[in-house]
Amino acid sequence: MAPIAPAAAAFPQRAPQPQPAAAGEPLVSVIIPVMNERRTIGRVIDEARRVHPNTEVIVVANGSTDGSADIARRKGVRVLAFAEPLGHDVGRAVGAKAARGGALLFIDGDMIIAAAQLKPFVQSVLRGEADVALNDYSGPTNKAVVHSVVLAKYALNALLGRPDLQGTSMTAVPHAVSRRALEAIGADALAVPPLAHAKAVRLGFAVKAVKHINVGKLNLLRKQRERTNPLERLIVGDHLEAIDWLARQTDDRGGYGDTERKREFAR
């Protein structure tokens with residue numbers, strides 16, 4: 001039984017070279033969702049600005065009440081502020097819709113990642129090597145019980161015919177997306193990262209793991225939040241939504257054969 005092959009190619013092709021930015025337009029857009037990240041947002045913005053000489057930074061203040069949006073405004077970046085929380089990952093979609101760059105880089109407001117670590121994602125898109133440049137982070141698998149989110153990522157990539165991607169996913173930041181991929185996938189899909197990931201692969205875009213950044217360690221500050229508002233079920237559900245979409249692109253069995261099963265004898 002073979003996994004579902006992407007519509008355009010079994011493995012990604014080289015992405016076309018992006019066109020130069022029009023006069024006055026940024027070449028790179030960095031989207032930073034933030035919710036009560038006043039301790040880190042200033043330094044995150046500083047690093048984002050250093051990613052490329054022609055960069056716009058968009059901060060999506062997602063129900064922040066601690067002054068994070070004001071800090072971003074004082075930094076002189078574009079701020080899209082919402083009084084109420086938008087929901088997990090919706091800020092990415094909102095920022096993408098507002099972005100003007102040919103390459104879009106997605107990071108988080110509570111993770112300070114040096115510009116030198118972020119540049120490979122942007123450069124991979126700008127050089128035409130990838131349409132989706134992923135963090136080469138699959139999550140720990142050398143455990144007796146592997147986390148359900150890690151398993152979901154591996155399962156989705158296997159179903160997409162891309163086991164080489166292992167557990168890499170648009171769920172994890174940093175990652176960068178080309179303008180042409182964004183327009184084909186649709187910015188709305190970014191609110192459900194596994195769905196955007198599945199669409200990018202299925203449509204034949206060049207999806208590649210570019211650089212390893214251990215966001216598991218950088219995410220330690222979120223452990224307390226996870227005790228009161230765990231995201232595990234949400235993220236697994238997002239992967240199920242992506243798998244459902246993928247199955248509907250083929251047939252009731254998602255492209256998997258029934259071999260020699262004689263169902264009529266069971267009726």
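# Reading the labels in a predicted fold

Mentor: Let's start with Phe205, which is buried at a relative accessible area of 9%. Keep in mind that this is a predicted model.

Trainee: Why is Phe205 called buried?

Mentor: Set the value against the cut-off: buried means under 20% relative accessible area. Phe205 has 9%, so it earns the label. You'll find this residue in the loop between α7 and β7.

Trainee: And how far is Phe205 from Val132, in sequence and in space?

Mentor: They sit 73 residues apart in sequence, yet their C-alpha atoms are 7.5 Å apart in space.

Trainee: OK, next one. What makes Val201 buried?

Mentor: Its relative accessibility is 3%, and the limit is under 20%, so Val201 counts as buried. Val201 belongs to helix α7, residues 193-202. From Val201 to Arg162 you'd count 39 residues along the chain, but 8.3 Å through space from C-alpha to C-alpha.

Trainee: Is Asn36 buried, exposed or partly exposed, and how do you know?

Mentor: Asn36 comes out at 33%. Buried is under 20% and exposed is over 50%, so a value of 33% falls in between and Asn36 is partly exposed. Asn36 is in the loop between β1 (28-34) and α1 (41-49).

Trainee: What is notable about the phi of Asn36?

Mentor: Asn36 has a positive phi, about 55 degrees, although it isn't a glycine. Asp89 isn't a glycine either, and its phi is positive at about 75 degrees. Asp89 lies in the loop between β3 and α3 (90-98).

Trainee: Why does Asp89 get its burial label?

Mentor: Run the test again: Asp89 has 12%, the cut-off is under 20%, so Asp89 is buried.

Trainee: Let's try His239. What makes it buried, and where is it?

Mentor: His239 shows a relative accessible area of 1%, which is under the 20% limit, so it's buried. The residue is part of helix α10, which covers residues 232-248.

Trainee: What does the side chain of His239 reach, and why does that count as a polar contact?

Mentor: It reaches the backbone oxygen of Ile235 at 2.8 Å. The distance cut-off for a polar contact is 3.5 Å, so 2.8 Å is within it.

Trainee: Which residues further off in sequence does His239 touch?

Mentor: Leaving out residues up to four places away, they are Ala152, Lys153, Leu156, Ser169, Thr171 and Pro194.

Trainee: Now the sheet. How many strands does it have, and in what order?

Mentor: It's an open sheet of 7 strands in the order β3-β2-β1-β4-β6-β5-β7, with mixed pairing. The edge strands are β3 (78-82) and β7 (207-211), since each pairs on one side only. From one strand to the next, the twist averages 20 degrees.

Trainee: How do you know that β5 and β7 pair?

Mentor: Pairing takes at least two bridges, and β5 (residues 132-135) has 4 to β7, so they pair. These two run parallel. One of the bridges has Asn135 partnered with Lys211 in β7.

Trainee: And what about β5 and β6?

Mentor: Here there are 2 bridges and the requirement is at least two, so they pair as well. This pair runs antiparallel, and Ala133 has Ala176 in β6 as its bridge partner. Strand β4 (residues 103-106) is also antiparallel to β6, over 4 bridges, and there Leu104 stands opposite Val177.

Trainee: What makes you say that both faces of β6 are covered?

Mentor: Look at each side in turn: His175 and Val177 are buried on one, Ala176 and Ser178 on the other.

Trainee: Which residues have the most contacts inside the largest nonpolar core?

Mentor: That core has 71 residues, and Phe106 is among those with the most contacts inside it, along with Val30, Ile32, Val59, Leu105, Ile107 and Leu190. Beyond its neighbours within four places, Phe106 contacts several residues, including Val173, Pro174, His175 and Val177.

Trainee: What kind of peptide bond joins Val173 and Pro174?

Mentor: A cis one, with omega at about -10 degrees. Pro174 is in the loop between α5 (148-159) and β6.

Definitions and conventions
Residues numbered from 1 in each chain as written. Predicted model: local features only at pLDDT ≥ 70, side-chain atom pairs only at ≥ 80, totals over all residues. Heavy atoms only, no water. Core = buried A, V, L, I, M, F, W, Y, C linked by side-chain atoms within 4.5 Å. Buried < 20%, exposed > 50% of the residue type's maximum accessible area, 1.4 Å probe, protein only. Contact = heavy atoms within 4.5 Å. Polar contact = N/O pair within 3.5 Å; in protein donor to acceptor, adjacent residues only side chain to side chain. Axes fitted to C-alpha atoms, helices over the stretch in contact; angles between N-to-C directions.
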